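Please look through the sequence and the structure shown below, and then follow this account, which begins with a single residue and moves outward to the helices.

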Amino acid sequence: MSNIISASRRTDVPAFYSEWFLRRLEEGFCDYWQPFAHQWFQVSLRPEEVAGIVLWTKNLGPLLPSLPALRQRYVFYVQFTITGHPPQLEPGIVPTAEAVEQLRQVSRQFGPEAAVWRFDPIVYTQYGGPTETLGRFDRISEQLEGYTRRCVISFMSPYRRQQKAFAQAGLQHTEPTSAERREMAADLGARARAHGMELSACCNEDVLGEMVTKAHCVDADLLRALGADLPHKVSPAPSRKGCGCMKSIDIGAYDLCPGGCAYCYANQDHDLARRNWSRHSPHHHALAEATIPRKDRDLE
């Protein structure tokens with residue numbers, strides 16, 4: 001049975017691990033650590049055993065030159081996060097103009113369906129609230145009009161790790177009320193529609209309505225529309241409450257992204273993530289090789 005491969009919700013593979021990713025595709029397999037099962041598994045990456053790939057990134061630059069060759073072997077689309085947040089929130093992210101141009105390149109080469117824009121997360125700090133958020137959305141959506149038909153939003157969930165990172169960065173988080181969330185989402189939905197985009201919300205069911213649909217970030221229907229050979233029904237596999245994703249195998253790992261975004265849910269500690277990144281080798285069979293002690297491995 002063919003699998004959908006997610007690369008990755010746990011770390012930015014295109015930005016920081018593109019060489020590893022391309023080596024794994026060439027060799028036809030990779031190992032991955034399943035953090036909930038606390039086990040190692042191996043998955044085939046041979047084209048005939050991969051139904052499609054979902055790429056998650058804030059910087060596709062390192063992987064862009066390889067995408068045409070990749071498309072000859074695999075069906076894929078890109079979940080590209082472009083928020084325009086200030087560097088206090090996103091210290092290691094490429095400039096917004098550069099990210100916009102990268103997403104435009106994906107659209108030009110593979111069509112707007114292959115380019116999904118994520119304005120995610122929405123977070124209010126002393127550097128900007130609702131008005132500033134709408135301004136950023138307007139500027140980016142104008143630049144992406146015609147290049148994508150889908151925009152995904154979510155509001156930050158202030159887990160303990162985000163609270164710690166915000167305190168370290170001197171950020172003051174303001175949590176919007178339920179009514180404020182719904183009002184913002186509806187406003188963004190109307191603005192997205194004006195630019196030819198459908199707005200959907202990731203794991204935020206409270207903001208769904210006429211202007212906002214439920215997001216399916218790992219989307220079997222989209223992969224099928226792009227040419228993937230998938231059965232009519234693919235099992236849902238929500239990662240948390242409100243998640244609309246279909247079943248996939250995520251080959252990334254936590255505590256490996258050196259981008260340093262203050263709102264990141266995948267890093268317990270940004271210094272640890274940078275150390276793990278520095279220890280990583282593109283020759284490893286698994287990204288998590290740097291984070292999981294070898295004595296804990298079940299597969300070699």
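In this predicted model, Leu256 counts as buried, because its relative accessibility is 0% and buried means under 20%. Leu256 is found in the loop between strand E10 (249-250) and helix H9 (270-279). Leaving aside its neighbours within four places in sequence, Leu256 is in contact with Thr11, Tyr17, Asn267, Ala273, Asn276, Trp277, Leu287, Ala288, Ala290 and Thr291. With one of these contacts, Ala290, a C-alpha separation can be given: the two C-alpha atoms are 8.3 Å apart, although Leu256 and Ala290 are 34 residues apart along the chain.

Ala273 and Asn276, which are among the contacts of Leu256, are themselves buried residues of H9, together with His270. Seen down the axis of H9, the buried residues fall within an arc of 120°, so they line one face of the helix. A general point helps in reading such a pattern: an α-helix has 3.6 residues a turn, so residues three or four places apart point the same way. The buried residues of H9 pack against helix H6 (160-169).

Helix H2 (residues 18-27) can be read in a similar manner. The buried residues of H2 are Ser18, Trp20, Phe21, Arg24 and Leu25. Seen down the axis of H2, they fall within an arc of 160°, and so they line one face of the helix. What covers these buried residues includes strand E1 (3-7), helix H1 (13-16), strand E2 (29-34), strand E4 (50-57) and H3. Ser18, which is found in H2, has a relative accessible area of 13% and is therefore buried, and, leaving aside its neighbours within four places in sequence, Ser18 is in contact with Val13, Pro62 and Leu63. H2 is followed by Gly28, whose phi is positive, near 90°.

The next helix to consider is H4 (residues 96-110), whose 15 residues should span 21 Å at 1.5 Å a residue, and the C-alpha atoms at its ends are indeed 21 Å apart, which agrees. Its buried residues are Ala99, Val100, Gln102, Leu103, Val106, Ser107 and Phe110. These residues cover an arc of only 160° around the axis, which puts them on the same side of H4. They pack against helix H3 (67-73), strand E5 (76-81), strand E6 (115-122) and helix H5 (130-144). Just after H4, Gly111 takes a positive phi of about 95°.

Strand E6, one of the partners of H4, contains Ile122, which counts as buried because its relative accessibility is 4%. Not counting residues up to four places away in sequence, Ile122 touches Thr133, Ile153, Ser154, Phe155, Met156, Met184 and Leu188. The C-alpha atoms of Ile122 and Ser157, which are 35 residues apart along the chain, are separated by 9.6 Å.

Thr133, Met184 and Leu188, which are among the contacts of Ile122, lead to the packing of H5 with helix H7 (residues 178-194), where the two helices meet at an angle of about 20° with their axes 11 Å apart. That makes H5 roughly parallel to H7. H5 passes H7 in a right-handed crossing, and the residues that meet are Pro130, Thr133, Leu134, Phe137 and Asp138 in H5 and Met184, Asp187, Leu188, Arg191 and Ala192 in H7.

Conventions: Residues numbered from 1 in each chain as written. Predicted model: local features only at pLDDT ≥ 70, side-chain atom pairs only at ≥ 80, totals over all residues. Heavy atoms only, no water. Helix = DSSP H or I, 4+ residues; strand = E, 2+ residues; numbered from the N terminus. Expected span 1.5 Å × (residues − 1). Buried < 20%, exposed > 50% of the residue type's maximum accessible area, 1.4 Å probe, protein only. Arc of directions from axis to C-beta. Contact = heavy atoms within 4.5 Å. Axes fitted to C-alpha atoms, helices over the stretch in contact; angles between N-to-C directions. Parallel < 35°, antiparallel > 145°, perpendicular 65-115°, else oblique. Left-handed = near helix turned anticlockwise from the far one by under 90°.
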